[in-house]
Amino acid sequence: MSYLNTLFLAVYPYVALAIFLIGSLIRYDRDQYTWKTASSQILESKQLRLGSILFHIGVIAVLLGHFVGLLTPAAVWHVLGISASFKQAVAMGVGGFFGIICLFGLIILVKRRLTNPRVRASSTRMDITILLLLLAQLILGLLSIFVSAGHMDGGEMLKMMNWAQSIVTFNAAQAAAVMVDVHIIYKLHIVLGMTLFVLFPFSRLVHVWSIPVRYFTRNYQVVRGTAKS
């Protein structure tokens, strides 16, 4: 078990992140025509619009919460007067709320993808695989809330923070060590999350890199009608 713990929680994250970054660069360089969302809105728009809005609101909030919560050093929270137990309670409440929003949106998208004949016919195996893996990952995340409720001292959360920060600082030995006694559901959540990073360059998820950030800072465009003769 110690070997598997090291393999999946200390080695696999670096393999996954390397594939994520290098694979994205190679795809952008060699297959720019495939760098798109491949939207099926023209085939069906009502369910897509609702599901997409709910999913994106939920997933953006959840990802930001993970990023801030896991990578902010415990010392910073201590200086701010925020205890581990209080931080965990807030994470469970806020994460659960946005997780449920994301779940509703994702269920709509999965149902649409699998049951609408036109959308299903235009879907690739990777499209369906990614949606189902996202659904499984989200369910694991929501189930982990119930596991966290069994230990509100924040101890498990501190281990997860230590793991994430050890990975970022390239301390693989420490990352493996702190996760030895962590509940299996957290480990599965991490491994599946890393697997999504592996599949990222080979799916339509690459469109995430193309978020139109410059749209919010560009100059206004003045549009004038043509003069009537």
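Two residues are in contact here when they have heavy atoms within 4.5 Å of each other. Take Ile190 as a starting point: setting aside neighbours within four places in sequence, Ile190 is in contact with Leu9, Met160, Trp163 and Met179.

Some ground rules before going further. This is a predicted model, in which local features need pLDDT of at least 70 and side-chain atom pairs count only at pLDDT 80 or more, while totals for chains, interfaces and linings use all residues. Residues are numbered from 1 along each chain as its sequence is written, and side-chain values use heavy atoms, with hydrogens and water left out.

Now for the overall layout. The protein chain has nine helices and zero strands, so its pattern along the sequence is simply α-α-α-α-α-α-α-α-α. Helices (H or I, at least four residues) and strands (E, at least two) are DSSP runs, numbered from the N terminus. Of the 229 residues in the protein chain, 35% count as buried. Buried means under 20% relative accessible area, exposed means over 50%, and partly exposed is in between (1.4 Å probe, protein chains only). If you take the contacts in the protein chain with a separation of 6 or more, residues 24 or more positions apart account for 81% of them.

Back to Ile190 and its surroundings. A nonpolar core is a set of buried Ala, Val, Leu, Ile, Met, Phe, Trp, Tyr and Cys residues joined through side-chain atoms within 4.5 Å. The largest one has 39 residues, and Ile190 is listed with Leu106, Trp163 and Met179 as having the most contacts inside it. Which elements give two or more residues to this core? They are α1 (2–30), α2, α4 (84–115), α6 (125–148), α7, α8 (172–178) and α9 (184–199). The biggest giver is α6, with nine residues.

Leu106 also turns up when you look at Phe55, a residue of helix α2. Phe55 is buried, at a relative accessible area of 12%. Not counting residues up to four places away in sequence, Phe55 touches Cys102, Gly105, Leu106, Leu109 and Leu134. Phe55 and Gly99 are 44 residues apart in sequence, yet their C-alpha atoms are 9.0 Å apart in space.

Follow α2 to its meeting with α7. The axes of α2 (residues 46–71) and α7 (residues 155–168) come within 8 Å and cross at roughly 85°. That makes the two helices roughly perpendicular, a label for angles of 65 to 115 degrees, with under 35 counting as roughly parallel, over 145 as roughly antiparallel and the rest as oblique. Axes are lines fitted to C-alpha atoms, for helices over the stretch in contact, and angles run from 0 to 180 degrees between N-to-C directions. On the α2 side, the contact is made by Gly69, Leu70 and Leu71, and on the α7 side by Met160, Met161, Ala164, Gln165 and Val168. By class, that gives six nonpolar, two polar and no charged residues. Ala, Val, Leu, Ile, Met, Phe, Trp, Tyr, Cys and Pro count as nonpolar, Asp, Glu, Lys and Arg as charged, and the others, Gly among them, as polar.

Charged residues do pair up elsewhere. With a salt bridge taken as a side-chain nitrogen of Lys or Arg within 4 Å of a carboxyl oxygen of Asp or Glu, the count comes to two. One joins Asp127 and Arg204, whose closest N and O atoms are 2.8 Å apart. This pair links distant parts of the chain, as Asp127 sits in helix α6 and Arg204 in the segment after α9, 77 residues apart. Asp127 is buried, with a relative accessible area of 10%. The other salt bridge joins Lys159 and Glu156 (3.5 Å, N to O). These two are three residues apart in helix α7, so about one helical turn separates them. Is each partner buried or partly exposed? Lys159 is partly exposed at 30% relative accessible area, whereas Glu156 is buried at 12%.

A few other spots deserve a look. Thr124 is in the loop between α5 (117–121) and α6, and its C-alpha atom is 9.5 Å from that of Ser203, 79 residues away along the chain. Ser144, in helix α6, is buried at 10% relative accessibility. Finally, Phe170 in the loop between α7 and α8 has a positive phi of about 60° although it is not a glycine, and Phe170 is exposed, with a relative accessible area of 68%.
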